[in-house]
Amino acid sequence: MAARRRRRLKKQTRRQLQGWGAVAAVAAAVWVARHWSVVWPVLVTVLAAAVVGGAGWALLRSHRLAVSQDRAWRAREEARARELSMAEVDALSWQEFEAYIADLCRRDGCRDVVVSGKSGDLGADVVGYLADGRKLVVQCKKYAPHRSVSSQDMQKFVGTARLEHGADVALFVTTCRTFTKAALGLALRQDIVALHRDLLGSWAKGAHLETLIPLNGSGGGIKRRPFA
């Protein structure tokens with residue numbers, strides 16, 4: 001009985017609300033009809049603002065989508081260009097790779113660039129001087145793209161780059177995609193510039209060495225006066 005009574009009350013309440021809603025709608029319609037000369041300019045203004053706002057939102061959304069798609073396309077094209085240039089690098093022998101790195105250094109203004117070209121060079125595959133006089137020592141590792149530079153590789157270079165060769169800027173450049181976490185951590189702690197495949201691809205496509213030096217490890221070295 002109590003449940004039926006509650007259902008009847010709910011139905012009555014809904015009917016009352018519907019009735020009051022209908023009365024309010026009729027009253028609003030009558031008021032609008034009586035004051036139409038005042039209401040219609042407001043309605044037109046609101047409608048125009050809604051149309052303009054909707055169009056502006058649609059244009060903004062389309063612009064953001066176009067910008068996002070353009071950025072994604074550019075990133076894909078840059079990656080593709082790097083890989084195209086790296087395909088040529090992959091075809092080089094390790095001796096030719098060292099000579100290629102030396103040519104990139106010369107292209108970017110390095111002076112007195114020398115290629116070791118032999119085993120037992122204690123990590124100094126390429127040696128030269130940046131335009132501001134800092135000594136550059138480069139370790140070149142021509143590895144398959146899927147490999148990683150190990151901590152052992154990095155330790156050997158850390159132990160010789162400055163103590164044996166007096167490097168101001170120590171650059172470890174490789175054709176593989178990654179350095180292991182331990183190797184990269186060591187490079188960061190010991191101020192070694194770690195240049196993996198993607199950065200090498202950017203260098204090969206025209207990025208200047210000076211812009212690449214800060215990217216993996218600070219590697220800035222000691223400032224010196226430019227050569228006379």
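What share of the 228 residues in the chain is buried? In this predicted model, buried residues account for 31% of the chain. The exposed surface of the chain amounts to about 14,500 Å², of which carbon and sulfur atoms supply 60%. Among contacts with a separation of 6 or more, 62% join residues that lie 24 or more positions apart.

The secondary structure consists of seven helices and seven strands. Along the sequence, these elements are arranged in the pattern α-α-α-β-β-β-β-α-β-β-α-β-α-α. Five of the strands form an open sheet in the order β1-β2-β3-β5-β7, and the pairing within this sheet is mixed. Strands β1 and β7 are its edges, each pairing on one side only. Direction ignored, neighbouring strands of the sheet are turned by 15 degrees against each other on average. Between β1 and β2 (residues 126-129), the pairing is antiparallel and extends over three bridges; Val115 stands opposite Val126 of β2. Helix α4 (residues 151-161) packs on the sheet through contacts with β3, β5 and β7, and its direction makes an angle of about 155 degrees with that of β5.

The largest nonpolar core comprises 25 residues, and those with the most contacts inside it are Ile101, Leu136, Val138, Leu171, Leu200, Trp203 and Leu209. At least two residues of this core come from each of α2 (36-90), α3 (94-107), β3 (135-141), β5 (169-174), β7 (192-195), α6 (197-204) and α7 (209-212). The most is given by α3, which supplies five residues. With residues up to four places away in sequence not counted, Trp203 touches Ile101, Leu104, Cys105, Arg107, Asp108, Leu171, Leu195, Leu209 and Leu212. A second core, separate from the one described above, contains 17 residues, including Ala170, Phe172, Ala187 and Ala194.

The loop between α3 and β1 (111-115) contains Cys110. This cysteine has a relative accessibility of 8% and therefore counts as buried, the cut-off being under 20%. When neighbours within four places in sequence are left aside, Cys110 is in contact with Cys105, Tyr129, Leu130, Leu136 and Leu209. Of these partners, Leu136 is separated from Cys110 by 26 residues in sequence, with a C-alpha to C-alpha distance of 8.5 Å. Leu136 and Leu209 are also among the residues with the most contacts inside the largest nonpolar core, and Cys105 and Leu209 are among the residues touched by Trp203.

Notes:
Residues numbered from 1 in each chain as written. Predicted model: local features only at pLDDT ≥ 70, side-chain atom pairs only at ≥ 80, totals over all residues. Heavy atoms only, no water. Helix = DSSP H or I, 4+ residues; strand = E, 2+ residues; numbered from the N terminus. Buried < 20%, exposed > 50% of the residue type's maximum accessible area, 1.4 Å probe, protein only. Contact = heavy atoms within 4.5 Å. Areas by Shrake-Rupley, 256 points an atom, 1.4 Å probe, with all protein chains shown as cover. Core = buried A, V, L, I, M, F, W, Y, C linked by side-chain atoms within 4.5 Å. Pairing = 2+ DSSP bridges. Axes fitted to C-alpha atoms, helices over the stretch in contact; angles between N-to-C directions.
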